[in-house]
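Thanks for coming. I'll go through pockets, the cavity, a surface patch and some salt bridges, in that order.

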Amino acid sequence: MNYRKHFAAVAVLVLLGTVVTYLVLTAIYALPDAASGEATSIDTLFQGHFLLISFLFALVIGFMLYSIVVFRRRPGEEDAQGDYFHGHTGLEIIWTIVPLALVIFFGIWATQLLRDITAPADDEMVVEVFGQQWSWYFVYPELDDLRTTELVLPVDRTIRLEMQSLDVLHSFWVPEFRVKQDLVPGRVTELRITPTQTGTYKTRCAEICGNQHAYMLADVRVLSENEFDGWVRENSLDPTAMTAVERGELWYTQFGCNACHSLDGTVVVGPSWQGLFGSQRSLESGETVTAGEEYLRNSILHPNDQVVEGFAPSMPQTFEEQFAEEEAKYDDQIDIVEDLIAYIRSLNETAAVIQQ
C-alpha cells in the first residue's frame, strides 16, 4: 500500500481544516476592539490557543473522515479483517511528549504575559476604584481626591487601579481593555491598564453580586492629554464656593445617585427624584409618609428603614461614613445630606417653572 499518498492527502485535508476552523472560531468568538497595551499581547495569546485548537480538531477529524471515505468496505469486497497489531511505542511516546511540551509552552507564555501586564511602570497614575451594590465610584488621589462616577483616563499612560469592595464580591472589567480583577471585601486589589485609544467604553461587574448586578455599569472615557488636563480643570471645583443646590447636583453624580434615581420620572433601580419633595410615599410596611426633609435624610442615611412600595432594599448603607469623609475635607463647612435635599427640592421648583 502506498502510504505516502494517503498521508499527503490527509496533510492537505488537515491544513484546510485548520484554516477553516480557525476562521470559524475567530468569527464566533470575535473580540471587541483592543484599546489598551495589555489587550494586544492578550489577543496574541488567544490567537495562539485558537490556532492550536483548530489544528488539533482538524487533525482528528481529518484522519477520521479520510479513513471513513477511503478505507470503507465497498460492495463486492470480502468481509476480511485487517491486520492486528498491539501498539506502536514510538507513536505513543510522541503523542505523550508533544502535548506535554505544548502545555508547558503555553504555561510559560501565559506566566510571562501575566508578569508583564502586572509589572509596575514609570510615572503610573493611581486611581482608587470602589464597588458597591450596584454602582462604581472613582477617587483620584493625585487630583486632591477628586471623586467621580465615571472613570476618566489619559491615553498612553499606565494607570494603577487600587480597588476595594464596600460590601460583596465584585469584579472590574472593561472588555476593550481585556484585563479583569476582582474586588474583594476587606482587602485592596490592583489592576494596571495602559489605554491606547481615545473613546468611551463601559466598565461592568463581571461577578454576580445581587439582583441588580446587570445594572452595575459605569462610563470609562479615555481622553487625549490636552482633553484630560481640561477635564481636570473643569472638575477642580471648590464646593464651599457653591450654593447648596449646586453642591447637591454635584453630589448627585459624584456619589452615584444618578445610577439608581432619574430626574425625569423614569424608574431605574430606585424611585425617580422628579416631583419627590413633598409627595406622598407608600411604604412596604403599609404606611404612607410625606417626603419631607426628615424622611429624605433618613432614607439617604438609613435606606432600609422606610422602603418605598414596589422597590427592593438595594441602596448602599454606607453613605453616612462616605459623607463624613468628604465633609472632613472642607472642615465640616458643608452638609451633603442637606445639599441633596436642597437639590431634590429645587427639582420641584424647576418643574413648576417649566409648566408655567
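Helix α2 is the main contributor to the lining of the largest pocket, giving 7 residues. Before I go further, note that this is a predicted model.

Staying with that pocket, its volume is about 620 Å³. The lining has 19 residues, and those closest to the centre are Phe 7, Leu 59, Phe 63, Leu 91 and Trp 95. Besides α2, helices α1 (3-28) and α3 (89-118) each supply at least two lining residues. What is the make-up of this lining by class? There are 17 nonpolar and 2 polar residues, with no charged ones.

Helix α2 comes up again on the surface. It covers residues 37-70 and gives the most to a nonpolar patch, with 4 residues. The patch has an area of about 440 Å² and is made by Leu 13, Met 64, Leu 65, Ile 68 and Val 69. Take Leu 65, which is found in α2. Is Leu 65 buried, partly exposed or exposed? Its relative accessibility is 44%, so it counts as partly exposed. The cut-offs behind that are under 20% for buried and over 50% for exposed.

Next, the second largest pocket. Its volume is about 400 Å³. Here 20 residues form the lining, and Thr 149, Glu 150, Asp 219, Thr 253 and Asn 258 lie nearest the centre. Which elements each supply at least two residues to this lining? They are the strands β2 (135-140), β3 (146-148) and β10 (217-223), together with the helices α4 (225-235) and α5 (244-254). By class, the lining of this second pocket divides into 8 nonpolar, 8 polar and 4 charged residues. For the largest pocket, to repeat, the charged class is empty.

Now the enclosed space. How many cavities of 30 Å³ or more does the structure hold? The count is 1. The volume of the largest cavity is about 500 Å³. It is lined by 35 residues, and the ones closest to its centre are His 261, Pro 271, Ser 299, Pro 303 and Met 315. Helices α6 (293-301), α7 (319-328) and α8 (336-355) are the elements that give two or more residues to this lining. Of the elements, α6 gives the most, with 4 residues. The class split for the cavity lining is 23 nonpolar, 11 polar and 1 charged.

Last topic, salt bridges. The model holds 14 of them. I will take three pairs and then a network.

The first pair is Asp 123 with Arg 157, where the closest N and O atoms are 3.4 Å apart. Asp 123 sits in the loop between α3 and β1 (125-132), while Arg 157 sits in the loop between β4 (151-154) and β5 (159-165), so this salt bridge ties together parts that are 34 residues apart in sequence. Asp 123 is exposed, at a relative accessible area of 57%. Arg 157 is partly exposed, at 23%.

Arg 157 has another partner. It also forms a salt bridge with Glu 142, and there the closest N and O atoms are 3.8 Å apart. Glu 142 lies in the loop between β2 and β3, and Arg 157 in the β4 to β5 loop already mentioned, so this pair ties together parts 15 residues apart in sequence. Glu 142 counts as partly exposed, because its relative accessibility is 45%.

The third pair is Arg 192 with Glu 124, with the closest N and O atoms 2.4 Å apart. This pair links distant parts of the chain: Arg 192 is in strand β8 (residues 189-193) and Glu 124 is in the loop between α3 and β1, 68 residues apart. Are the two ends buried or exposed? Arg 192 counts as buried, at 11% relative accessibility. Glu 124 is buried as well, with a relative accessible area of 12%. For both, the reasoning rests on the cut-off of under 20%.

Arg 192 and Glu 124 also belong to a network of salt bridges, in which they are linked with Arg 160, Glu 162 and Glu 190.

That is where I'll stop, and I can take questions.

Note on methods. Residues numbered from 1 in each chain as written. Predicted model: local features only at pLDDT ≥ 70, side-chain atom pairs only at ≥ 80, totals over all residues. Heavy atoms only, no water. Patch = residues over 30% accessible without salt bridge, like charges linked within 9 Å, V, L, I, M, F, W, Y side chains within 5 Å. Areas by Shrake-Rupley, 256 points an atom, 1.4 Å probe, with all protein chains shown as cover. Salt bridge = Lys/Arg side-chain N within 4 Å of Asp/Glu carboxyl O. Buried < 20%, exposed > 50% of the residue type's maximum accessible area, 1.4 Å probe, protein only. 1 Å grid on protein atoms, 1.4 Å probe; cavity = no way out; pocket = protein on both sides within 12 Å on 5 of 7 lines; lining within 4 Å. Points joined across faces, edges and corners; volume = space filled by probe spheres on them. Nonpolar A, V, L, I, M, F, W, Y, C, P; charged D, E, K, R; others polar.
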